[in-house]
There are 2 protein chains.
Amino acid sequence: MDSLYRHWLILRMIPRRRAVGVNEIRSRLATEFNLDKQARMIQRDLVFLSRLFPLESDGRKPSGWKWKEESSAYDIPNMDPVTALTFKLAAEYVGKMLPRGILTALRPYVRIAEERLRQIAPPNLLSWPDKVRVVSPNLTRVPPHVPEEISEMVYTALLEGRRFTARYIRMDEEEKSYDVSPLGMAFVDGLTYLVATLNDYDDPILLLLHRVREASLLETTVNVPEGFDLDRYIAEELSFPVGWDIKLKALFCERSDILRLRESPIAEDQRIRELKNGKFEITATVADSFQLRWWLRGYGERVEVLSPKKLRDEFAMAARKLSEIYHPSQ
Amino acid sequence: MDSLYRHWLILRMIPRRRAVGVNEIRSRLATEFNLDKQARMIQRDLVFLSRLFPLESDGRKPSGWKWKEESSAYDIPNMDPVTALTFKLAAEYVGKMLPRGILTALRPYVRIAEERLRQIAPPNLLSWPDKVRVVSPNLTRVPPHVPEEISEMVYTALLEGRRFTARYIRMDEEEKSYDVSPLGMAFVDGLTYLVATLNDYDDPILLLLHRVREASLLETTVNVPEGFDLDRYIAEELSFPVGWDIKLKALFCERSDILRLRESPIAEDQRIRELKNGKFEITATVADSFQLRWWLRGYGERVEVLSPKKLRDEFAMAARKLSEIYHPSQ
DNA sequence: CTTTAAGCGTCATATTTTGACGCATTACCT
DNA sequence: AGGTAATGCGTCAAAATATGACGCTTAAAG
């Protein structure tokens, strides 16, 4: 009765990356769970557990134990098929959008998902490998590569509030060394930004993660500027500036565009009205943002902005310029 | 020595949704693991385990055991902080893009992630709740709501290759009942499509998941049309048609646009050349797709397509039409 | 080469696990 | 409603296992 409980606790103390020593387990058991055992006992437990689970010890003297690298996450309750399918889906979705190295930590989970799906899959010949797909409406970019060691280290620094030193390739292609205090991370359109202060300056700046080289953790704690707020910083520096809400009115001419808009509206109060000339008038209250413009422009000549006047003027002006580009004669 | 192993196996047999009975566990232990135990033993094990883990029994006579609803996934090896952070990030990312109900199955995992982060978080006052953010460059839409029961049921049907009956609200707003054979699922820009055949027809069609009502599983197996291939179907019906690769050449005039393109190029062979007039010429081999057009149009008057000629003509024509819309006088 | 700390083998004893059995309780069927 | 079959549960003794004590061996560090 004691041993079972102890075994569970020990099992959960064994990490996947770092190795843990007998004494560390022993003292954690003592302090956290009030379970005082001899070191000999813990040794026996570990040997015992390693026969049931994929644990391994580096055979060295103060021996370190950890889960074998390739062992998949052992989750309980066992992942059910629906969850497994959801995992596959989420992984596919995220994998398309974020740089590779960032997501390696999720691999063990995706692996169990795949195993589980394989288990239930092929009783009949009618089943085929994957039944979910993500179709991206965006142009696929080549997301910059972030080496696993870098992302791992930056995550750790971020979590533990520690600084690190790194070489950084600036925009002008010059490489410089900095003492970096990571404050937060932001993902924008495939790029990974690190919000940080450098050396002992107090104003946060943005680093592109894939431009960081040779990082190494320090023991010093981060330098957080007085009153720093990640969300505010991101809002100011990264989300393209967003204005107040406006009442958008626009004219669409293709029925197929309208169908999609009906299914997933751009605002809660979106209204669509079919006009006599076969066009569709849409009205909605949306933020006056960069995203809005990008989205509207995407429709090209299939949309006409009616109001607000300022936005219409903007589009009218752009239309003229664009026409000027392709038809300079006029 | 036996008991830990058995407990482990039992624990993994206990599901989160459905409840499992003593006898089912017993027979599965016997057949799958060659472990023949008395029913009494399993009962004892379950009582024991329920003191260590959030398990619960419906107090009925052939008692059913399952994990408590709100219990987070119990993972071993314990989720490490880096993984936890990655989970939070992925969840935030996916949560923005996919309809709510679809992702409920992931909640227990996100919950462990959050717990783990909370555990390591607050030794100092310098830590703040979340350190990662996802900034979407797209216009935020209101993704249609898919009730949890529906998505859950459709997933199950899909996985097990079973049909279901459902009422479906067609595009013309009429509601009809169908016998649905689900073949696959596709996620496009916030909308969830179910690829399926209806009744006993053989041609697959697309259903919008949020338009499905009152679905209920059947025991009959799906009707898979001869030679059906999900990827091909999606390519034909959902990915906007993609042409051959073309050699795109375009002119950008804003340096800030170019910076982003340098960081995450649109193709492996992308080249950027600064011209004397301060503009930038970009060349790249990309698929001649709908997505490409959408992307190019997004830049509005900040980009000029040079070649291939066909694409340039298309843009020239669109520019003229657009100008015509806003400046009909000319 | 020494010192120290950790790993490991063994043994006797305390503790726990397990199968057996029988009674109590619940669900189900007619 | 009453009988029946199946399941849950308490108890006990035997078998199996876990544990602390002790001392020898071995690896790492200075």
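Which strand of chain B does strand β5 (residues 132-135) of chain A pair with, and in which sense? The partner is strand β7 (residues 175-188) of chain B, and the two pair in the parallel sense over 4 bridges. Within this pairing, R133(A) stands opposite A186(B) in β7(B). Please keep in mind while reading on that this is a predicted model.

## How the two chains meet

The β5(A)–β7(B) pairing is a good way into the contact between the chains. Chain A brings 97 residues to this contact, and chain B brings 97 residues as well. On the side of chain A that touches chain B, helix α10 (residues 309-326) of chain A gives the most, with 10 residues. By character, that side of chain A divides into 61 nonpolar, 19 polar and 17 charged residues.

How are the two copies related in space? A rotation of 180° superposes chain A on chain B, with 0.1 Å of shift along the axis and an RMSD of 0.4 Å. The two copies are thus related as by a two-fold rotation axis. The same surface serves both of them, as 99% of the contact residues of chain A recur in chain B.

## The nonpolar cores

Next, the interior. The largest nonpolar core holds 96 residues, and the members that touch the most others are V154(A), A90(B) and V154(B). A90(B) is worth a closer look: leaving aside neighbours within four places in sequence, A90(B) is in contact with A90(A), V94(A), L103(A) and L106(A). Apart from this core lies another one, of 15 residues, which includes L292(A), L296(A), V305(A) and L292(B).

Helix α10 also appears on the chain B side, where α10 (residues 309-326) holds A318(B). Is A318(B) buried or exposed? A318(B) is partly exposed, because 19 other C-beta atoms lie within 10 Å, while a buried residue would need 20 or more. Not counting residues up to four places away in sequence, A318(B) touches G300(A) and E301(A). From A318(B) to G21(B) the separation is 297 residues in sequence and 67 Å in space, C-alpha to C-alpha.

## Sheets and a hairpin

G21(B) leads us to the sheet in chain B. There, 3 strands form an open antiparallel sheet in the order β1-β3-β2. β1 (20-21) and β2 (55-58) of chain B stand at the edges with a single partner strand each, so one side of each is left without a neighbour in the sheet. β1(B) is joined to strand β3 (residues 64-67) of chain B by 2 bridges, and these strands run antiparallel. G21(B) has G64(B) as its bridge partner in β3(B).

In chain A, 3 strands likewise form an open antiparallel sheet in the order β1-β3-β2. Here too, β1 (20-21) and β2 (55-58) of chain A are at the edges, each with a single partner strand, so one side of each has no neighbour in the sheet. β2(A) pairs with strand β3 (residues 64-67) of chain A in the antiparallel sense over 4 bridges, and E56(A) has K66(A) as its bridge partner in β3(A).

Further along chain A, strand β8 (residues 191-198) pairs with strand β9 (residues 205-208) in the antiparallel sense over 4 bridges. One bridge partner in β9(A) is I205(A), which faces A196(A). β8(A) and β9(A) form a hairpin with 6 residues between them, and N199(A) in the turn has a positive phi of about 45°.

## Around the DNA strands

Finally, the DNA. The table lists the residues that come closest to each strand.

| DNA strand | Residues around it | Closest residues |
|---|---|---|
| C | 20 residues | V22(A), P62(A), S63(A), S3(B), K61(B) |
| D | 19 residues | S3(A), K61(A), V22(B), P62(B), S63(B) |

For strand C, the elements that give two or more residues to the nearby surface are α1, α2 (22-33) and α3 of chain A together with α1 (2-13) and α3 of chain B. The residues of this surface divide into 6 nonpolar, 5 polar and 9 charged.

For strand D, the elements that give two or more residues are α1 (2-13) and α3 (39-52) of chain A, together with α2 (22-33) and α3 (39-52) of chain B. The residues of the surface near strand D divide into 5 nonpolar, 5 polar and 9 charged.

Methods
Residues are numbered from 1 along each chain as its sequence is written. Chains are lettered from A and ligands numbered from 1 in the order in which they are written. This is a predicted model: local features need pLDDT of at least 70, side-chain atom pairs count only at pLDDT 80 or more; totals for chains, interfaces and linings use all residues. A residue is near a molecule or strand if its C-beta atom, placed from the backbone, lies within 6 Å of it. Ala, Val, Leu, Ile, Met, Phe, Trp, Tyr, Cys and Pro count as nonpolar, Asp, Glu, Lys and Arg as charged, and the others, Gly among them, as polar. Two residues are in contact if their C-beta atoms, placed from the backbone, lie within 7 Å. Two strands pair if DSSP finds at least two bridges between them. Copies are superposed by least squares on the C-alpha atoms of residues with pLDDT of at least 70 in both. A nonpolar core is a set of buried Ala, Val, Leu, Ile, Met, Phe, Trp, Tyr and Cys residues joined through C-beta atoms within 7 Å. A residue is buried if 20 or more other C-beta atoms lie within 10 Å of its own, exposed if 12 or fewer, and partly exposed in between; C-beta atoms are placed from the backbone.
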